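Grab a coffee and have the viewer open. Here are a few exercises, each with a solution you can follow step by step.

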Amino acid sequence: MKAGKAIGFIFLACLYLLPVPPAQAAADDQTLYEGDSIYHHITIRQDGGERCMIFGRQRDLRQTCIDLAKPDTAIFEYSAMMFAGFLFRPDAKKVCLIGLGGGYIPTVFRMHLPQVHLQTVEVDPHVEKLAKQYFSFAVPPGQTLAIDDGRQFLKKSRERYDQIWLDAFNSDYIPAHMTTKEFLQLAKSRLNEGGIVIQNLFCGNNLYDAQIATFQSVFAKVFVLDGQESGSCIIVASDRPACEPAGLRKQAEKWGGKIGRIDLIAEAGKCKVAPALKNALVLTDNFNPANLLLMQKK
Amino acid sequence: MRIVYAVFILLLVTFGAVVMSLEILSSNLMSPYFGGSIYIWGSIISSFMVHFSVGYVAGGYLSRRSPRIAVLAAFLVVCSLWVILIPAFYKPVCELVSDRIADVRLGSLVAMNLIFFVPVSIMAMVSPYIIGITAAWRRQSGLTAGMVLFISTVGSFFGTNITAFYLISLFPVSRIVVGLGLICLCVSLFTFALRADRRMKR
C-alpha cells in the first residue's frame, strides 16, 4: 500500500515537471500575451485602440499604455509630466531613461526629439522583446538601449547626461535600491553641469515624503509636479536648473507650447517648489523602510 | 542537567534565528551593488546552503573529536565577532567585487561567500554539534536529533519573520547586524560562564 502511494506521488511529481505549453494563448480577445520573465508576471491587454503592459497580477498596475493609432499620445499623466524636464534643461543633448516598459517615452523621443540622444536602460530582456513585438518599439539611430540594472548601469557608465529620467518600476513599486541617497548621489555624479534628475512616483503615501527629503539631501533645488488627474507626481531635481517654476510658462512657450501631443504649458502649471519636510526620513542604503512607508497612506 | 538542556535550547533558538535573520538582511546588503533581481536571491540562498553543508560536516566531525560545549562556544565567539564586524567591511568587499566582476550572478555569489562563509558555517555547526554531544553521553538523552532540529527551525521561523516584517522597517540594517552579533556574543559568553561541560559530568 505504502509503495503504491509512493509510486502515485512520484507519478504526480513527474506530471508536474512535464513542460507546460507557454501561456501565450489569448484567454480572451483582450489578452494578447500573458507570461513570466525572470522579474515579473507580464500581461499585455488591449482595450479598443489602447494597448497596455501590466506587471504582476493587479490590473491597475499598468506600466505602459499606448494609443495604437497615435502612439505619441500620453495616456498616463506622468509620462507627459516627465517631458516637463525639457523646461528645466531645454538644451539637453543626452538623456538617460531608466525603465523601458512598453517604450512610450522612447517613441516620443524618436518622433519629436530626434536631436536628443536617448540612452534607455531596461533590466528585463523580456520586456524589451515584448515592447518590440507588441508596442512597435524600435531603437532608432540616435538612441541606444542597454539591458542592465539601472543602478549598475550608472555605476559602470562613464557617460555624462543632461537629464536622467527615473521610471524603473517592478510589480510592487520602485526597486528599493533605486530610492536611496547613495543612488541619487551616483545619478548626480553622472550629470553634466546644470543637469537634472527626474523621478516618476506616486504621491499618496509616506514614501513620497521620504523620497522628496532624500532628493533634497542630495540636490540644491527640488521641484514637484503634482498630477491633477492621477495619483502620480514627478520630482525634478538639480543643483543649477536653467529655470525656476515661475519661469516655466515662458520656457514652455519657447518650445511652442508642445512636444508632439504633450501640452507643456499645462504641465508647467503643475510645478511648484517641493515643500520642506522636517520629519521625513532620508532613505539610505543602510536604512530604507520603503515597503512600510509605501503602505502608510497619507 | 536542566541547565545543560536550557543552554542547548538557548543556543539552538538564538543561532537558528540569527542565521535566517542574516539571510534576509543580506539582500539589503547586496542589492545596492548587484541589483535587486531574482539573481540576488539565488546567490543568497545557494551561498547559505553551501555554508550550512560545510557547517554540518564540520560540526559533526568536531563534536566527535571533542564533544564539549566550551569548544562549540569558542567557535561561536569567533562567529559573533565576525558578525559584529560585517557592517564595517561589507561595503569595501562589495565595492571591490562588483568592480572586478561584471556578471551580477557571479559577483553576488563571490561577495556572499566572502562576507558570510565564516559566520554562517559556524552557526550551522550548532545543531550537529549538540546532537554529537548528546550522542556521546553514556545515557539516554532527552533531546532526540529530530527535537534538536525542530527547536533550531522554530528559532529560524521567528528570526525570518521578525526581521522581514519588523526589524528592517524599524532600524538601519547595519545596526540590526551589529545587534544580532552582540546577542550572539552574549549567548556564547554566557554558555562559557555556565560551565555546562562540568555539569554534564555530574
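The exercises below go from the chains to a strand, a core, a helix and the interface.

Before you start: this is a predicted model, where local features need pLDDT of at least 70, side-chain atom pairs count only at pLDDT 80 or more, and totals for chains, interfaces and linings use all residues. Residues are numbered from 1 along each chain as its sequence is written, while chains are lettered from A and ligands numbered from 1 in the order in which they are written.

**Exercise 1.** Find out how many helices and strands chain A has.

*Solution.* Take helices (H or I, at least four residues) and strands (E, at least two) as DSSP runs, numbered from the N terminus. That gives chain A 11 helices and 14 strands. Next, call a residue buried if 20 or more other C-beta atoms, placed from the backbone, lie within 10 Å of its own. Of the 298 residues in chain A, 44% are buried.

**Exercise 2.** Work out which strands pair with β5(A).

*Solution.* Two strands pair if DSSP finds at least two bridges between them. Start with β6(A) (residues 117-122): five bridges tie this strand to β5(A), and the two run parallel. Here A:Val95 has A:Leu118 as its bridge partner. Now go to β8(A) (residues 161-166), which is also parallel to β5(A), with four bridges; A:Cys96 partners A:Ile164 there. Finally, four of the five residues of β5(A) (94-98) are buried, so the strand is largely enclosed by the rest of the structure.

**Exercise 3.** Locate the helix that gives the most to the largest nonpolar core.

*Solution.* A nonpolar core is a set of buried Ala, Val, Leu, Ile, Met, Phe, Trp, Tyr and Cys residues joined through C-beta atoms within 7 Å. The largest has 84 residues, and A:Ala84 and A:Trp165 are among those touching the most other members. Helix α8 (206-218) of chain A contributes the most, seven residues. A second, separate core of 61 residues includes B:Phe15 and B:Val97.

**Exercise 4.** Check the length of α7(B).

*Solution.* The expected span is 1.5 Å times one less than the number of residues. For the 22 residues of α7(B) that comes to 32 Å, and the end C-alpha atoms are 32 Å apart, so the two agree. Just after α7(B) comes B:Arg195, with a positive phi near 50°.

**Exercise 5.** Describe the side of chain B that touches chain A.

*Solution.* Residues are in contact if their C-beta atoms, placed from the backbone, lie within 7 Å. On that basis, 12 residues of chain B meet 15 of chain A. The elements of chain B giving two or more residues are α1 (2-34), α6 (145-170) and α7 (173-194).

Definitions and conventions: Buried ≥ 20, exposed ≤ 12 C-beta atoms within 10 Å, placed from the backbone. Contact = placed C-beta atoms within 7 Å.
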